[in-house]
Amino acid sequence: MGAFLLRRLATAIPTLLLIATLAFMLLHLTPGGPFDSDKVLVPQIQHAIEARYHLDEPLWRQYLRYLGELAHGDFGPSFQYRNTSVNELIAQGLPVDAAIGGVAMLIAILCGGGAGLVAATRPGGWRDRLPMGMAMLGISIPVFVTAPLLILVFAMRLHWLPSGDWVAGSWRHLLLPALALALPHTAYIARIVRAAAIEALAQPYIRTAIAKGLPTHVIVLRHALRPTLVPLVSFLGPALAGVLTGSIVVEQVFGLPGIGRLFVTGALNRDYTVVTGITVLYGALIIGFNLLVDLCYAWLDPRVRARA
Amino acid sequence: MSRATRPGALIAALLLALIVAAALVVPWLSPYDYATPAWTEIFRSPTVSGGHPFGTDSLGRDLLVRVMWGCRISLLVGIAASLLSVLIGVCWGALAGYAGGRLDGVLMRTVDVLYAIPFIPFVIVLEVAFGRNFLLVFVAIGAVSWLDIARIVRGQTLAIREQEYIEAARALGVRTTTMLRRHVLPNLVGLVAAYATLAIPGVILFEALLSFLGLGVHPPLASLGSLVAEGANEMQAHPYLLVLPAGFLAAIILCLNRLGDALRESLDPRGDGDGHD
């Protein structure tokens with residue numbers, strides 16, 4: 001296990017380096033700079049600003065400086081928010097996304113997983129076709145359609161929940177964005193779990209369990225659940241990384257101060273450090289969660305453990 | 001299961017054909033165009049009789065024509081970008097699977113590394129950097145969405161490589177390029193068609209997302225994503241502006257997903273519920 005972890009870390013660092021390099025070069029080589037604006041600055045002031053952020057140095061020097069800071073876990077200062085570091089901006093945005101994403105994934109796993117298991121017990125019956133038809137709808141309707149519709153119905157017409165804004169710790173403000181984010185994930189999970197559970201239920205040891213006369217729920221929950229979790233876990237890894245770094249659409253529609261919006265405004269304003277920092281963070285989360293996924297495989301499937 | 005899915009797939013195909021036909025014909029027949037504002041016709045609700053069956057938007061433009069143009073753009077981007085990604089993915093995967101050994105290792109490690117790169121951020125950065133370029137939208141999407149196809153094709157090629165007719169062809173001295181073209185690729189067509197059908201809705205959604213964020217098509221041209229974004233701004237007073245383009249977007253995606261699923265199921269001889277191992 002130790003050797004496995006070491007090997008994975010050894011590939012993770014070059015990958016992160018590549019991501020950071022790509023993001024850095026892409027931003028710096030494209031036309032436009034963070035301090036280009038419609039109003040013309042006095043040349044001395046322009047010069048002073050550029051010198052403060054080291055933008056007057058040659059590119060390779062800026063690059064090496066950035067990598068040096070990155071190696072110390074420092075994402076550098078933001079260009080658009082004066083006197084604020086990217087680390088501070090991420091620290092403000094991350095809890096918002098983590099709360100909404102966490103609740104969304106919880107809803108998605110419980111509802112999607114349950115629907116998938118129920119569907120798999122009787123493939124072809126109405127208990128299969130109804131949830132799977134809804135899942136098909138769920139993966140076909142994008143979040144930027146469901147989110148405004150949820151606001152229209154639950155906030156504007158019924159006045160049950162607020163339509164946006166963010167109040168830390170208020171579940172009423174959290175519910176609609178989490179629901180909007182949960183819908184497509186619920187649908188994906190339902191489909192994955194159904195396919196995996198059908199496969200698992202066809203295994204010989206399940207036939208033995210049926211022959212022993214065990215009730216369906218015991219067979220499904222005790223014998224078929226574990227192999228069913230394997231493909232679900234491999235879906236959850238990247239999905240969690242995506243949800244944690246914020247859904248740009250959900251943040252935009254509900255007006256939430258999360259990382260996704262920070263990223264888009266950063267990209268529009270050529271805020272180099274914000275965009276590169278969030279990109280590296282996302283890459284690191286993906287790599288980290290994929291590593292967790294592989295560790296879960298070993299826990300879920302004894303055959304993987306034997307091979308490792 | 002397969003008996004139950006057939007009519008669904010057929011309905012999906014018919015509905016899709018209907019939408020494509022309407023998208024091609026309606027803007028051509030309609031007296032209105034997608035760009036010209038009509039200040040006396042602002043926010044007309046949809047009516048059965050009268051000139052605007054889908055109503056008009058905040059600039060008095062006919063929503064039917066704009067939605068049909070949105071369908072054109074979405075389908076065009078979806079098909080073009082999927083073709084690009086299929087082309088790259090098939091070549092990459094077939095070469096890796098057929099060559100095997102070190103080349104396979106290098107090619108597939110590259111795919112692994114690219115998987116870890118966050119593509120949505122990169123495409124957004126590209127869009128911002130190079131301006132809202134229509135061509136760039138689908139080149140960027142196509143160039144980044146070939147990874148899944150490459151993996152699937154590689155797996156299938158590995159299986160094909162072990163077949164006896166390949167061995168026979170090799171014994172006859174067929175060259176690698178000819179072998180790939182004549183014996184390997186034709187056997188991948190069904191699989192690739194199924195996954196390409198499933199790739200199109202993904203690409204359409206991605207384009208719609210970019211347009212929704214204001215990074216896709218240039219106004220006054222409309223894509224379904226930008227129409228949904230416009231509709232979301234006016235939804236309190238004029239919900240039809242959101243519901244109609246959203247409905248068409250969902251219908252297109254739904255039909256393509258349904259078709260792709262049916263194609264994939266028909267290719268999988270195991271079907272549902274039959275054990276293997």
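## A buried arginine in chain B

B:R66 is buried, with a relative accessible area of 1%. Its side chain meets that of B:E230 in a salt bridge, with N and O 3.4 Å apart. B:R66 belongs to helix α2 (residues 63–99) and B:E230 to helix α10 (residues 224–233), so this pair ties together parts of chain B that are 164 residues apart in sequence. B:E230 has a relative accessible area of 31%, which makes this residue partly exposed. Please keep in mind that everything here comes from a predicted model.

## Chain B as a whole

What kinds of elements make up chain B? The chain has 11 helices and 0 strands, so from the N terminus onward its elements are α followed by α, right through to the end. The C-alpha trace spans about 75 × 50 × 30 Å along its principal axes.

How much of chain B is buried? Of its 277 residues, 47% are buried. Many contacts link parts of the chain that are distant in sequence: among contacts with a separation of 6 or more, 72% are between residues 24 or more positions apart. The salt bridge between B:R66 and B:E230 is a handy example to look up in the structure, with its partners 164 residues apart in sequence.

## Surface and charge

Chain B has an accessible surface of about 12900 Å², and carbon and sulfur atoms account for 65% of that surface. Its charged side chains number 19 positive and 20 negative. The centres of these two sets lie 7 Å apart.

Over all chains, the salt bridges come to 5. One of them joins B:R161 and B:E162, whose closest N and O atoms are 3.6 Å apart. B:R161 is partly exposed, at a relative accessible area of 24%, while B:E162 is exposed, at 55%.

## Where chains A and B meet

Now for the place where the two chains come together. Chain A brings 46 residues to the contact and chain B brings 45 residues. The area buried between the chains is about 3700 Å², and carbon and sulfur atoms give 78% of that area.

How many salt bridges are found across the interface of chain A and chain B? There is 1 salt bridge across this interface. A:R191 pairs with B:D261, and their closest N and O atoms are 2.8 Å apart. A:R191 sits in helix α7 (residues 171–201) of chain A and B:D261 in helix α11 (residues 240–267) of chain B, so the pair joins two chains. Is each partner buried or partly exposed? A:R191 is partly exposed, at 22% relative accessibility, and B:D261 is buried, at 9%.

## A mostly covered helix in chain A

Chain A has a helix α11 too, running over residues 259–268. This helix is mostly covered, with 7 of its 10 residues buried. Which residues of α11(A) are the buried ones? They are A:I259, A:G260, A:L262, A:F263, A:V264, A:G266 and A:A267.

A general point helps when reading such a list. An α-helix has 3.6 residues a turn, so residues three or four places apart point the same way. After α11(A) comes A:R270, which has a positive phi, near 55°.

Conventions: Residues numbered from 1 in each chain as written. Chains lettered and ligands numbered in written order. Predicted model: local features only at pLDDT ≥ 70, side-chain atom pairs only at ≥ 80, totals over all residues. Heavy atoms only, no water. Helix = DSSP H or I, 4+ residues; strand = E, 2+ residues; numbered from the N terminus. Buried < 20%, exposed > 50% of the residue type's maximum accessible area, 1.4 Å probe, protein only. Contact = heavy atoms within 4.5 Å. Areas by Shrake-Rupley, 256 points an atom, 1.4 Å probe, with all protein chains shown as cover. Lys, Arg positive; Asp, Glu negative; His and termini not counted. Charge placed at Lys NZ, Arg CZ, Asp CG, Glu CD. Salt bridge = Lys/Arg side-chain N within 4 Å of Asp/Glu carboxyl O. Buried area = accessible area lost by both parts, 1.4 Å probe.
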